[in-house]
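Please look through the sequence and the model shown below before reading on. The report that follows takes up single residues, a helix, the nonpolar cores and a pocket in turn.

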Amino acid sequence: MTFYVESETDKTLPFEAEEVAGKVIVEALDLENCPYEVSVNVLLTDDQGIHAMNKQYRGIDRPTDVLSFPNVDYENPSDFTGIEDTAEDYFDPESGELCLGDIVISVDKVYAQAEEYGHTPRREYAFLIAHSMLHLLGYDHMEPDEAAVMEQKQEEILNRLGITRNE
């Protein structure tokens, strides 16, 4: 697996962002039985940076906590059947890894939501990585039944890692 955590903000997190992201990414892939080595990019920004991206890519003129830019078009969430048929669209020709996509996180929102929900910034960051990974794996939460599935999977990923709200 290859993943990169890049920061375009001077705001820092009180833990190793790359280490936490790596653990959550691996756990999400294990939960979903991903049969491939993958690549994922994580960009840390601030409210101003994510606001600009949210406006540009989603037409929503406000900051958000996380943006997901999936690279794979799934028939069903985490259904890897047939994606090798379009290898040129989804796989890095040099590494052979499945390019899942990009995650953008607002560090400002990590701190604000951790305080709002009464847990640590590490827990909030891990939650946002798990949430976004599920989007990169084809899940959505537009309908109540979809949201319930995502919520259950997010909690399972974090619980497997021992990252709880009481942290």
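## Pro14 and the loop before α1

In this predicted model, Pro14 is found in the loop that joins β1 (2-7) to α1 (17-31). Its relative accessible area is 61%, and because a value over 50% counts as exposed, Pro14 is classed as exposed.

Despite that exposure, Pro14 touches Tyr111 and Pro121, when residues up to four places away in sequence are not counted. Tyr111 lies 97 residues from Pro14 along the chain, while the C-alpha atoms of the two residues are separated by 10 Å.

## Helix α1

The 15 residues of α1 should span 21 Å at 1.5 Å a residue, and its end C-alpha atoms are 21 Å apart, so the expected and the computed values agree. Buried residues of this helix include Ala17, Val20, Ala21, Val24, Ile25 and Ala28, and Gly22, Glu27, Leu29 and Leu31 are buried as well. An α-helix has 3.6 residues a turn, so residues three or four places apart point the same way.

The buried residues of α1 pack against three strands and two helices, namely β1, β2, β4 (98-106), α5 (121-136) and α6 (144-160).

## Two residues with positive phi

After α1 comes Asn33, whose phi is positive and near 55°, although Asn33 is not a glycine. Asn33 lies in the loop between α1 and β2 (38-45), and at 62% relative accessibility it counts as exposed, because the cut-off for that class is over 50%.

Ser78 also has a positive phi of about 55° without being a glycine, and its place is the loop between β3 (66-70) and α3 (87-90). Is Ser78 buried or exposed? At 12% relative accessibility Ser78 counts as buried, because this value is under 20%.

## The nonpolar cores

The largest nonpolar core holds 45 residues, of which Val40, Leu98, Leu100, Tyr125, Ile129 and Met133 touch the most other members. At least two residues of this core are supplied by each of α1, β2, β4, α4 (107-117), α5 and α6, and α5 gives the most, with nine residues. Apart from this core lies another, of five residues, among them Leu43, Ile50, Met53 and Leu67. In soluble globular proteins, nonpolar side chains tend to be buried together.

Ile129, one of the core residues named above, touches Ala21, Val24, Ile25, Val42, Ile103 and Ile105, not counting residues up to four places away in sequence. Of these contacts, Ala21, Val24 and Ile25 are among the buried residues of α1.

## Val38 and Val104 in their strands

Val38 is found in strand β2 and is buried, with a relative accessible area of 1%. Leaving aside neighbours within four places in sequence, Val38 is in contact with Met1, Thr2, Leu29, Glu97, Leu98 and Leu100. Pro121, by contrast, is 83 residues from Val38 along the chain, and the C-alpha atoms of these two are separated by 26 Å.

Val104 lies in strand β4 and is likewise buried, with a relative accessible area of 4%. Which residues does Val104 contact, leaving aside its neighbours within four places in sequence? They are Leu43, Thr45, Ile50, Met53, Asp65, Val66, Leu67 and Phe69, and of these, Leu43, Ile50, Met53 and Leu67 belong to the core of five residues. Val104 and Ser7 are 97 residues apart in sequence, yet they are 9.7 Å apart in space, C-alpha to C-alpha.

## Lys109 in α4

Lys109 has its place in helix α4, where, with neighbours within four places in sequence left aside, it is in contact with Asp47, Pro63, Thr64, Asp65 and Ala114. Leu44 is 65 residues from Lys109 along the chain, and the C-alpha atoms of the two are separated by 11 Å.

## The largest pocket

About 450 Å³ of space lies in the largest pocket. Its lining is made of 18 residues, of which Arg58, Thr64, Val66, His135 and His141 lie nearest the centre of the pocket. The elements that give two or more residues to this lining are α2 (47-58), β3 and α5.

By character, the lining residues divide into eight nonpolar, six polar and four charged. Two residues of the lining have already appeared as contacts, since Thr64 touches Lys109 and Val66 touches Val104.

Conventions:
Residues numbered from 1 in each chain as written. Predicted model: local features only at pLDDT ≥ 70, side-chain atom pairs only at ≥ 80, totals over all residues. Heavy atoms only, no water. Helix = DSSP H or I, 4+ residues; strand = E, 2+ residues; numbered from the N terminus. Buried < 20%, exposed > 50% of the residue type's maximum accessible area, 1.4 Å probe, protein only. Contact = heavy atoms within 4.5 Å. Expected span 1.5 Å × (residues − 1). Core = buried A, V, L, I, M, F, W, Y, C linked by side-chain atoms within 4.5 Å. 1 Å grid on protein atoms, 1.4 Å probe; cavity = no way out; pocket = protein on both sides within 12 Å on 5 of 7 lines; lining within 4 Å. Points joined across faces, edges and corners; volume = space filled by probe spheres on them. Nonpolar A, V, L, I, M, F, W, Y, C, P; charged D, E, K, R; others polar.
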